[in-house]
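User: Hello! I have a model open on my screen and would like a close look at one part of it, with its surroundings.

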Amino acid sequence: MIYLFNPEHDYALANNGKHFVPPLSAVKFAQDCAPFLRYLINPDDIIFQPYQDNERFLSATGLAGRPMKVEGIRPWGWDALVLQQLRSEGFCHDVAWDGYVHQVHALAHRRTAGKAIAYLQQTLPADFHMPMPAQEITSVQEAEDFIRQYQDVLFKSPYSGNGRGHLYAHGKCSPTLARQLTGVIRRQGSVMAEPMYHLIQDFAMEFLCDDSQTRFAGYSLFETQHYGYGHNVLCSDKQIEETLEQWVDHKQLEMVKEALVQFINKHIAPSYSGFLGVDMCIFEDKEIRLHPMIEINLRMTMGMVAHLLYERHLHPQATGTLHLVYRNKGLEPLIHEMEKKHPWVMEDGLWRAGFKVLHPVDPETQYAICVLLT
């Protein structure tokens, strides 16, 4: 199996061009962090690094030559750009791949989440108190009407993720917001609008589609910052369920899980193979409620990374957090400080405690994926 870490995926989806040039920040993120995938792959798997002039192929243990036989390909996310990158190395030349990527692009639109929440409304009991689905808006006038009705509003670009492409309104549509919305609608055809919620806890359910079938792959418990991703908690699914059951009944979670498997089997799995994450939250609106469908990330997620790391590498007594860290002037001083402050401890061949960066670091490194265990 060939794996790729293409964090520019959300940008590439929005552009939908095979010759798209990603932002330099996204390219640097991929260059710095791609080797972390070695903690998720099997010994015979290969990591393809399209932005490296040398060392374009890595194995779980180090350098590798170009694979002669490929049994499967799993990028972080499928888009026209990554397909072109793979073809430049002699992979995926069958024209069927064009149709596959086109289908994935259509499914990755945020309106798929709208269809999912409509399905949940039909499937789950009437007393579930389902939040309203996001509304697709195609003009600034529609946005102004939505703001008047709901006051505090979150607008999302149809193709975006990790907090990117979010615009906020508080009671009015300012001239700046109107220009931003006009730009998104011009580029992507629409914008999704939803009321803002008083957030208590972010989490996600992760799924795997394979051979047109769907299975629940695990939970993800995470925190977001105003600019996007914060960190994931490294712990067991049971511990995540116990956290969520402070606010919602276990039966509710199981009903949502089963209904989502049905929806994905019907609407996504026939056209998509790989991991996907459904972001959810616990929020307060006069009472504490579950929002079971904030968005669908039709790609690998940091939540799934956290789940796999816990399952494969963490000692049963260890818990911690998975972080993405950025420093424009380089990370080496911070990393050395953290390693000194939190020495790395192994026990029975598993990660027990301390701080660890999951890929090589040099003076030019600006991005790091790391774990902090207690």
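What covers the buried residues of α5?

Analyst: Happy to help. This is a predicted model, in which local features need pLDDT of at least 70 and side-chain atom pairs count only at pLDDT 80 or more, while totals for chains, interfaces and linings use all residues. Residues are numbered from 1 along each chain as its sequence is written, and side-chain values use heavy atoms, with hydrogens and water left out.

The cover over the buried residues of α5 includes α4 (96–107), α9 (250–267) and β13 (287–297). Names such as these follow DSSP runs numbered from the N terminus: helices are H or I of at least four residues, and strands are E of at least two. Buried means under 20% relative accessible area, exposed means over 50%, and partly exposed lies in between (1.4 Å probe, protein chains only). By that rule the buried residues of α5 are Thr-112, Ala-113, Gly-114, Ala-116, Ile-117, Tyr-119 and Leu-120. Helix α5 itself takes in residues 111–123, and its end C-alpha atoms lie 18 Å apart, which agrees with the 18 Å that 13 residues should span at 1.5 Å a residue. That expected span is 1.5 Å times one less than the number of residues.

From α5 we can follow β13 outward. Strand β13 pairs with β12 in the antiparallel sense over eight bridges; two strands pair if DSSP finds at least two bridges between them. Gly-277 stands opposite Asn-297 in β13. The two strands β12 and β13 make a hairpin with one residue between them, and Lys-286 in the turn has a positive phi of about 70 degrees. Strand β12 (residues 274–285) is largely enclosed by the rest of the structure, because 10 of its 12 residues are buried.

Next to β12 comes β9: 11 bridges join these two antiparallel strands. Met-205 stands opposite Val-278 in β12. Asp-210 also belongs to β9 (residues 198–210), and Asp-210 counts as partly exposed because its relative accessibility is 46%. The C-alpha atoms of Asp-210 and Asn-232 are separated by 25 Å, with the two residues 22 apart along the chain.

Another sheet is worth a look too. Four strands form an open sheet in the order β5-β8-β6-β7, with antiparallel pairing. Its edges are β5 (135–137) and β7 (166–170), each with a single partner strand, so one side of each has no neighbour in the sheet. From one strand to the next, the twist averages 30 degrees. Three bridges join β5 to the antiparallel strand β8 (residues 191–195), and the bridge partner of Glu-136 in β8 is Met-192.

Helix α7 (residues 175–188) lies across β5, β6 (152–156), β7 and β8, at about 145 degrees to β7. Axes here are lines fitted to C-alpha atoms, for helices over the stretch in contact, and angles run from 0 to 180 degrees between N-to-C directions. Helix α6 (residues 140–150) packs with α7 at an angle of about 125 degrees, their axes 10 Å apart. That makes α6 oblique to α7, where angles under 35 degrees count as roughly parallel, over 145 as roughly antiparallel, 65 to 115 as roughly perpendicular and the rest as oblique. Their contact (heavy atoms within 4.5 Å) is made by Val-140, Ala-143 and Ile-147 of α6 and Leu-177, Ala-178, Leu-181, Thr-182 and Ile-185 of α7.
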